[in-house]
Amino acid sequence: MNPRAKELLDWYDHNARRLPWRTSPQARATGELPDPYRVWLSEIMLQQTTVAAVRSYFERFTSLWPTVYDLAAAPDAQVMGEWAGLGYYARARNLLKCARVVAFDMGGAFPCDPDALQALPGIGPYTAAAITAIAFDRPATVVDGNVERVMARLHDIHTPLPAAKLELTEKAAIVTPQDRPGDYAQAVMDLGATLCTPKNPACGLCPWRVPCRARAEGTAASLPKKTPKKPKPTRFGTVYLARRVDGAFLLERRPDCGLLGGMLGWPGSDWTEGEAPDHSAPIRAEWKTLPAEARHTFTHFHLRLIVRHALVPMDRTPERGSFLMPEEFRPSDLPTLMRKAFDLWQGAA
DNA sequence: TATCCGTGGAT
DNA sequence: TATCCAAGGAT
């Protein structure tokens, strides 16, 4: 094994984080591999998402659906509701698609090579490599944000991302060992997450402090360089929170494509820059406007949402959405933006 | 290659 | 308050 990988694995043996989707150190010592289903589920949840945010979702999902068969058999609406709040909802839609392919077309067994894995919905180059290495302990080079940062610093690479991606991937591949590839993959990411952090890296504790070129040059904290991002515009819109006299709420399922796709939400206007666009209420009622608006920031724009509300008689038929009784609807099923609107309404009542 | 797609915590 | 950032993928 190359000396870099050995240094890192030695560090990992003493510093590995205990995470719900990892096997215990004792089990790992006996060569026991983690359940590919749990590895896959955790990796999908961890895409662009912090460990702290994922923990409770992972526990909840594996409790509700212990196997890929259980998840494949789950209703779409329940899975989307359980994913609510975690963001990037295409992940949840692809999660179900993938579970059903694996359960119904592959006999419940995840493929063990990167190409076959990457052919599945929601699995890209990173996730395919991660599952290959972690679940099957087969050599594969994982390149996520952590690895990019670690490699940029180790080799003092100043080319900004994403242009540097290929070079960083090559550097990562050179260090990846044939032995213990699963532990190594998790070790690099643990290093990036705990020591080689974006700000204030703990270089003094790093197992690679000696070979690290950026540390020698004093450039570690400024790497990797990234091309500047565009400023976020602000969009405006209106949502309608209708409660029927029997307690039912008027909600609609958003289309699978686009923002918050597949999620439950309050009917409303489009969201546009400048003034809110023309639109009509989803049902005839005496609408009132809440004094505060719901503010939310998405990946590429800010949103300010006017929240209107009304109590609706039993005999009205909505032009959009459908009424859900309280036992059919949990506020926790809503994506965060819609949840903010609900909380504003509830706080005003 | 560039854009779209969420959210919450850290700074 | 504003910005950055996290175990990325799809188009």
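Here are some questions and answers on the DNA contacts and pockets of this predicted model.

Q: What makes the pair between lysine 230 and DNA strand B a polar contact?
A: A phosphate oxygen of the strand sits 2.6 Å from an N or O atom in the lysine 230 side chain. The cut-off for such a pair is within 3.5 Å, so this one counts.

Q: What about histidine 300 and DNA strand B?
A: Here a phosphate oxygen is 2.5 Å from a side-chain N or O atom of histidine 300. That is within 3.5 Å, so it's a polar contact too.

Q: Which part of DNA strand B does threonine 49 meet?
A: A base nitrogen, 3.0 Å from an N or O atom in the threonine 49 side chain. As for the strand's atoms within 4 Å of the protein, 62% belong to sugar or phosphate and the rest to bases.

Q: Why are Leu260 and Thr336 called near DNA strand B?
A: Being near takes a heavy atom within 4 Å of the strand. Both are among the 19 residues around it, and they belong to the five that come nearest, with Lys230, His296 and His300.

Q: How do you know that the second largest pocket lies between domains?
A: Domain 1 (3-222) and domain 2 (234-348) both give residues to its lining, so the pocket lies between them. Its volume is about 460 Å³, and Gly87, Tyr88, Tyr89, Phe298 and Thr299 are the closest to its centre of the 22 lining residues.

Q: What lines the largest pocket?
A: It has 44 lining residues, with Gln48, Asp144, Gly145, Asn146 and Glu148 nearest its centre. They divide into 19 nonpolar, 15 polar and ten charged, around about 1,500 Å³ of space.

Methods
Residues numbered from 1 in each chain as written. Chains lettered and ligands numbered in written order. Predicted model: local features only at pLDDT ≥ 70, side-chain atom pairs only at ≥ 80, totals over all residues. Heavy atoms only, no water. Polar contact = N/O pair within 3.5 Å; in protein donor to acceptor, adjacent residues only side chain to side chain. 1 Å grid on protein atoms, 1.4 Å probe; cavity = no way out; pocket = protein on both sides within 12 Å on 5 of 7 lines; lining within 4 Å. Points joined across faces, edges and corners; volume = space filled by probe spheres on them. Nonpolar A, V, L, I, M, F, W, Y, C, P; charged D, E, K, R; others polar. Domains from an automatic or database assignment.
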